[in-house]
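Here's a quick look at one sheet and one enclosed space. Pull up the structure and follow along.

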Amino acid sequence: MNVRFDPSGPLRGSLRVAGDKSVSHRAAIFGAMASEPVRISGYLDAADTNSTLAAVRRLGAIVEPRGDEVVIRGCGLREAKAPDGAIDVGNAGTLMRLLPGWLAFQAERSFTLDGDASIRRRPVDRIAEPLRLMGARIDAREDRFPPFTVHGGPLRGIDYAPPVASAQVKSCVLLAGLMTDATTVIEPVPTRDHTERLLLSAGAVLSRTGDARSGYRTTVGNVDELELDAVEVPGDMSSAAFLVAAGVLVPGSRLVLERIGVNWTRTGFLRILERMGAIVLGDLEPVGGFTAGEPIADLDVTNGPIEGTAVEPHEVPLAIDELPLVALLGCFAEGETVVHGAQELRVKESDRIATVVDGLRGLGADIEAAADGFVVRGTGGLRGGRIDAHGDHRLALLGAVAGLASRDGVEVVGMEAAAVSYPGFADDIAMLVG
């Protein structure tokens with residue numbers, strides 16, 4: 001489906017964006033593992049998160065949509081049902097990488113995970129390695145790609161330092177660690193901590209030492225059951241980021257985004273924007289904060305001039321999903337914008353370094369790819385044109401925002417990809433413009 005986004009008038013007004021995708025995935029998995037029903041408000045209704053609901057149903061959980069809530073009656077930590085046939089994760093990389101942490105300790109049961117053509121190109125060796133060290137058996141296509149099978153059994157605790165910073169790998173290991181005496185994940189740089197906050201809320205024994213500068217050691221141990229009564233899913237910062245970028249770039253804009261998740265491990269993009277001189281106000285969680293539950297705040301965004309900046313490797317994990325937007329903002333900024341240490345972008349739904357650079361260059365950007373990022377020389381704006389989403393939801397949304405701020409507009413080829421995370425984007429933009 002091709003959709004054209006013409007240059008926009010000022011975006012003005014307030015709205016609440018759809019629920020946080022990362023928190024929604026985790027809330028559904030925790031609901032399935034819990035011993036009592038879990039009420040989830042604000043759950044994201046999108047392709048990826050619906051794949052998670054379908055997966056936990058296959059594993060024996062009862063999922064009850066109730067208006068604005070989803071109630072999940074779980075099967076308990078140790079009683080996941082082995083379904084007939086493969087569990088279809090669709091295009092959901094988070095689901096693919098987190099779920100095996102739970103399945104790895106389901107004694108004498110095996111679970112096969114598979115997905116769409118895109119997911120079959122995404123490696124699973126990063127979770128297979130630590131799970132094998134813990135005693136699990138993982139059989140994968142070519143030893144690193146889906147479909148793959150997790151054979152459940154007894155696990156032993158490990159200390160594990162992921163070779164590449166990844167909240168998904170960390171989460172998988174911590175979930176598996178719930179059936180060990182003690183398992184520790186060592187991170188030289190912080191990553192998203194939604195899983196840790198849910199573990200605290202559910203009564204798990206968890207300790208974290210370190211700080212935001214030097215990284216963290218997070219340890220979990222054996223637990224009999226998880227008890228989680230209710231979860232509020234805040235507005236998705238990664239989805240809100242597209243509206244924030246549009247508000248910064250489209251002349252005359254002023255908008256308020258309500259009840260956004262402002263967990264400091266998700267607001268790296270806002271800290272980059274602040275450095276660029278953008279006007280984005282909100283009561284953000286201080287760097288290093290850590291409590292059960294997710295902090296929530298409104299974001300007040302105003303259009304204004306911005307300057308180029310450099311994004312260093314230690315900033316990348318906390319802004320990984322928003323780095324394509326940094327490239328777009330760099331096109332409109334004064335000076336040069338450089339991103340280093342972002343090679344992880346090459347193994348997302350698409351090679352996001354290649355697709356972002358090629359896509360923005362086709363719209364008139366002065367941009368070059370590097371092995372681990374990109375360099376953008378600001379020209380004050382974009383001409384417009386045509387951009388292919390390559391089946392990647394973030395690239396589709398990037399093209400849409402580029403169109404709103406461009407001179408001639410942008411046609412997004414494959415806009416249906418946006419349904420994975422933000423199916424209501426066009427409606428939200430229409431409301432703000434209207």
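The notes below go through a sheet, the helix across it, and then a cavity.

## The sheet

Keep in mind that this is a predicted model. The sheet to look for is an open one, built from four strands that line up as β2-β15-β17-β16 with mixed pairing. At the edges you'll find β2 (12-15) and β16 (279-281); each has a single partner strand, so one side of each goes without a neighbour in the sheet. Going from one strand to the next, the twist averages 20 degrees.

How do β2 and β15 run relative to each other, parallel or antiparallel? They run parallel, with four bridges joining β2 to β15, which spans residues 254-261. To spot the pairing on screen, pick L15: its bridge partner in β15 is L257.

## The helix across it

Now add helix α7, residues 237-249, which lies across β2, β15, β16 and β17 (296-302). Against β15, α7 runs at about 165 degrees.

## The cavity

How many cavities of 30 Å³ or more does the whole structure hold? A search turns up one. The largest cavity holds about 30 Å³ of space.

Its lining is made up of D20, H194, P234, M237, G261, V262, N263, R266 and E294. Sorted by class, that's three nonpolar, three polar and three charged residues around the largest cavity. Two of the names link back to the elements above: M237 lines the cavity and α7 covers residues 237-249, while G261 is also in the lining and β15 covers residues 254-261.

Conventions. Residues are numbered from 1 along each chain as its sequence is written. This is a predicted model: local features need pLDDT of at least 70, side-chain atom pairs count only at pLDDT 80 or more; totals for chains, interfaces and linings use all residues. Side-chain values use heavy atoms; hydrogens and water are left out. Two strands pair if DSSP finds at least two bridges between them. Axes are lines fitted to C-alpha atoms, for helices over the stretch in contact, and angles run from 0 to 180 degrees between N-to-C directions. Contact means heavy atoms within 4.5 Å. On a 1 Å grid over the protein atoms alone, a cavity is a set of points where a 1.4 Å probe fits but cannot get out, and a pocket is an open set with protein on both sides within 12 Å along at least five of seven lines; lining residues have an atom within 4 Å of a point. Grid points are joined across faces, edges and corners, and a volume is the space filled by probe spheres set on the points. Ala, Val, Leu, Ile, Met, Phe, Trp, Tyr, Cys and Pro count as nonpolar, Asp, Glu, Lys and Arg as charged, and the others, Gly among them, as polar.
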